[in-house]
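Me: Please go through this structure with me in questions and answers, giving the cut-off behind each term as it comes up.

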Amino acid sequence: YFYLKVITLLLSSVDWQKRCVALEMQLLRFRLQAGKIRELLAEKMQELEQRVTEADQRAESAEKQIHVMEEKLKSANIQTSESESSLYRKCQDLTNQVQEKDAVIKRLETQLEKQILVRAQEAKIIEEKAAKIKDWVTFKLREMEQENQQLKMANLKQTEQIMLLQDKLQCEDNSSDELNSKFRSQCLHSSSSSSSSSSAYEMAHGPSSPESSMRITPKSPLLSRSPSTNNPFPNPPQPQSGTSMTLPKVRTPLTPRDSIQLVKKHYSQPQPSLDRLHHLNFNIDIMTPSSTYSTLKKELTHDGVSFVGLAEELERLDPEVLKPPTPPLHRFPSWVRRQYWLFFVSISCSLYKIQSDLECVRCGIISYTSYQAKATQISSVPLPDDDSGSEDDSSSLASLRTSILSPDRKSSVPGSPRAVKRGVSMSSISSESDYAIPPDAYSLDSDYSEPEHKVQRTSSYSCESTGPEMLEKSGYLLKMGSQVKAWKRRWFILRNGEILYYKSPSDVIRKPQGQIELNSSCCIVRGEGAQTFQLITEKKTFYLTADSPNILEEWIRVLQNILKVQASSPVTVETAAKPTVRGWLTKVKHGHSKLVWCSLVGKVFYYYRNQEDKLPLGQLQMREASVQEVDRSCDSDEDYEAGSRGFLSSHCTLVVQPRDQSPTYLLIGTKQEKDTWLYHLTVAAGSSAIFKVGTEYEQLIGKLLDAEGDPDSVLWKSEALSFCKEGLRSPLTTLPSEALQTEALKLFKSCQLFINVLVESPSVDYHTSLAQNALQVCLTHPELQNEMYCQLIKQTNRRMPHNYSLTQCWQLLSLCVALFLPQQHFLWYLRQYLQHNADPRSEVGKYAVYCQRSLERALQNGEREAKPSRMEIVSILLRNPYHHSLPFSIPVHFMNNTYQVVGFDGSTTVEEFLNTLNQRIAMRKPQLTGFALFTDDPSGKDLEHCLQSTAKICDVISKWEQALKELHPGKNEGTRIVRLTYKSRLCFRSQVKGETERERLLLAYQVNDEVQQGHFPVNKELALEVAALMAQVEHGDLERPGASSPTGSPQPKSQLILLQALERFYPKRYKQDCSSEQLRDLSERLATKWSMLRGCSASECVRIYLTVARKWPLFGAKLFSAKPVPPSPVEQSQVWLAVNEDGLCVLDYTMHTLVTYSYQSVITFGGCRDDFMVVTSQQREPGVGKKSVEKLVFAMAKPKILELTLLMASYINHWNPSLPPASQQPLGHWDVDSRHFPSMNYTTKGPTLL
């Protein structure tokens, strides 16, 4: 009942009508949603139907493809399962590669982030430095502005002074008129024979001045002593201020006209040797010889002011008055010629002094010392000329070839052998025949007395001053000893600008006793009244005495000619520039012909007696010279056969005529040689565009040069300069022989093979061989180098399309640029072409940019000596070198079994390479550490070779590879490379100061290597202690567990480490006969000593190690095993030779010193047959002057002999860096390391001079 009532109440409370309406609304909404769902389902069904249709179509096409593939597989007999497995493997490989690439990308991203942080820090530092630099520049600009103001004020003051002096000089015009009248009267009046002789004497001693005296006396009166005096030079004069000298005399000129020309030449030409005379102060006292002369000199000087207008007055004089009377068919008497000579020399010297006075006044600096130096320079003969090959016909012979006349010249009969020996030409002394000699008969060639074969053309006369004795001479002289002051008779030979002296003429086949290098800084000082003179060089003064005055004059004349050539020639020694063209030619001048070795360097044409000569016979300045080919079609063969040279009319002739000089003829044997010389001489003269010489290619380059390399010029697009598919039919450049022309065409074929064969991994060696062979041909024949560049530029210019052939051609050009450079305007053409193609955005442009960098480096460091190595060629071929400033790299090994990879380019020298290495490993320069770079031997033997600082790393690698290929042909091709080691070579006590930790560590390992090899004296106990120190440095603390095995021995791992330490750090000789039980005992003892070093750092162990090692007096010495060859003062059968900074020590085999020879006592050393020989000079007893000479010979291996000799030479050259190559040199490699180590302060009592 209760439930029914509740239901009734609930039913009565619900509004069923509203409920029904709500349900109807919901039903309507559901229907609408259902409709939308039906529409969507219909659309989806349509899409699905379409997809099904497309899927059916694709399935049908797939089935068709499957059928096709099945047919193909069946035809190829390939199983389906095998293809699926191979595809699965490829898929796996690609997946692994993708994963590796992802890892590399992540690693590179982290590195990039680090680099960005580093760059940001560097940018901040650079900004700070830029601010500091800006402040410094601002400060300097202020200082310079202040200095500029001061200079302006000083300039105003100097201008005022000059104006005052010009007013003074204008007031003195009347004196010039008086001078002219004196000049005429002096020309028309003659003096007595006595006055003429005295005038000649004064003329020979130079010009005079009012305030000085004519006599020139040596500073030391002992110069006039006889050779029998024990010591005529107790105080050897040094080339410093206050030194006086007797000047040589000038030969009387032929005619007064020659004297006038000489005066003009001396007055107009500069004096190139003034800067070398500043350290000399000559005291020249000149006395007035006559009243007329003194009157003239007084009028030249007034109140200390010199007249500057005198030269102009002389030029304005009437030519008929100025010129002496025209000579008839007879010559002037000798006294008239002397009178003219005296007067004109005095006038010229006065003019020179007036000009120098005015110049000094204008500069505000009036220096009496400068007057003396200039006067001395005028009076000293021969005067240096602007051009050692100057051949001006108007120049007097007296200005070019001088004969030194002794005071007793009057006693010599003209034409006698004595006159001829003194070098006086027959034409100048034959005063008995008063008939004039035609001017063409004199050879005015200024080759400084070159020994030419005279072919008489225009006259039967010849000039004897050009005889073969003028640049070479030999004979006996007395030489003052350097240690024992006594005269020693020696045989002297002067040749090629140097003097060698021997005991006798029969000893010339042996090593000379001494050598004297002659250069422009040398000078000659004569004694007064004796046959003695001094030869003063930069390092030493030599006192020499001749047997007679005539011999003395001959020697002085020849020496002066040598010094004159060297003073006026810019290349008296070997020139560093590479000659453009060279070869044997016959030079003809004034009818005199000679076969000479010719070389064109830049714009100067040099000619030598022999190909090996360092001193040229003469030179011709080619700038603006005239070069032409002579037409000899009208000549007859008899004219050329008369010269005994075999000249024929088929020979070609070139004529070279520099400006203001007479022509020189060059006889050339073949047409090819003629074309080559004609082209290069014309280019050097700057007239190639006018005469159109050379090939079409060379002419176009000349036109480009005239257009200044305009990049828009149509010449760049000309067919001759651009690529063509046809091969070369003739060389692009002028070559001197048919053989070279044929070789040029072969070179083109080799380049074509290199360019047109695609570089792949299997063909790298093929391309390497092609490049090496082609470039070796260019190194062997330098004439082909220009041809090589022209061929490569032609092959790359406007070549289409841009494929692998173009890239490989640029790669070959990249190899060439680092190896050698073209000459003359070919170098300019190469630079313009590279600039024209340089573009970092293209592959070809990147190679052009690299070639530009390589070109500048080659110009800076010079060309290479060897062909490129395989490593260099492969690096260029496999990657573009543009992306790397140092495209090559190689590891350098150290004595502690570590290495450092160092980069370099094609021109990097060993010195630059070591600078980079030292910066990376925190070491000082080799000059301060004594470290050097060594290479191993290609033969595999235990040999090392020290590298010179000037050698190039690429040359070293190339030569090593070539030696390896010759020793092991066909083996180790590309697998073995050179091993570079950096270690100490020279050890000095002064190196300890400033030593870095890295240097000490490497030095400790090197000493340990000596200890381990048995080259360091240690007993067994000390050997264990130093081995423990090195083990602590190498491995750190010894790890020994607390629990041991029953036998008490360490664990196997610790035992292995101990055995390795014994193997590396313990001497071999102490363990070679040890049993296993003894080795175990050694290990235990080493472990005990090692454990005591627990906690000790590596640097502390190294410091202790070196402190102990340096207690040996011969620390740092290099030991060589040797056997004394009897008879020998050393009794032992086996000894050690130790070389250190103090000298050479002989040790017994227990390393106790037997005898020590300081470098000062060593006379000579080096290889003697198959042995090593050293000759020493020892003082027998203290206080006794006599010394005993001792010769020691030791049997050694040849490589060790060379190493020992070079090491001794390096130590000697270290203490004597400027020592000239003298007779003590053992080998040609004496100065191999003379520049490695500059001189340091040396406070010990060891030797300091060889």
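**Surface, rings and one helix**

Reply: The accessible surface of the chain comes to about 66,300 Å², and 54% of that belongs to carbon and sulfur atoms; areas follow the Shrake-Rupley method with a 1.4 Å probe, and for residues only the protein chains shown count as cover. The model is a predicted one, in which local features need pLDDT of at least 70 and side-chain atom pairs pLDDT 80 or more, while totals for chains, interfaces and linings use all residues. Residues are numbered from 1 along each chain as its sequence is written, and side-chain values use heavy atoms, with hydrogens and water left out.

Me: What percentage of the residues of the chain count as buried?

Reply: Buried means under 20% relative accessible area, exposed over 50%, and partly exposed in between, with a 1.4 Å probe and protein chains only. For the 1250 residues of the chain, the buried share is 46%.

Me: How many aromatic pairs does a search of the whole structure find, and how is the pair of Phe-605 and Tyr-607 classed?

Reply: Rings of Phe, Tyr and Trp (its six-membered ring) pair if their centres lie within 6.5 Å, with planes under 30 degrees apart counted as stacked, over 60 as edge-to-face and the rest as tilted. The search of the whole structure gives 17 aromatic pairs. For Phe-605 and Tyr-607, the centres are 6.3 Å apart and the planes make 45°, so the pair is tilted.

Me: Which strands hold Phe-888 and Phe-904?

Reply: These two residues, both buried, form a tilted aromatic pair, at 5.8 Å centre to centre and 50° between the planes. The pair ties together parts that are 16 residues apart in sequence, because Phe-888 and Phe-904 lie in S18 (residues 888-893) and S19 (residues 899-904), respectively; strands are DSSP runs of E with at least two residues, helices runs of H or I with at least four, both numbered from the N terminus.

Me: How far apart are the end C-alpha atoms of helix H26, and what arc do its buried residues cover?

Reply: The expected span is 1.5 Å times one less than the number of residues, so the 12 residues of H26 (residues 910-921) should span 16 Å, which agrees with the end C-alpha distance of 16 Å. The buried residues of H26 are Val-910, Phe-913, Leu-914, Leu-917, Asn-918 and Ile-921. They lie on the same side of H26, because the arc they cover around the axis, taken from the directions to the C-beta atoms, is only 130°.
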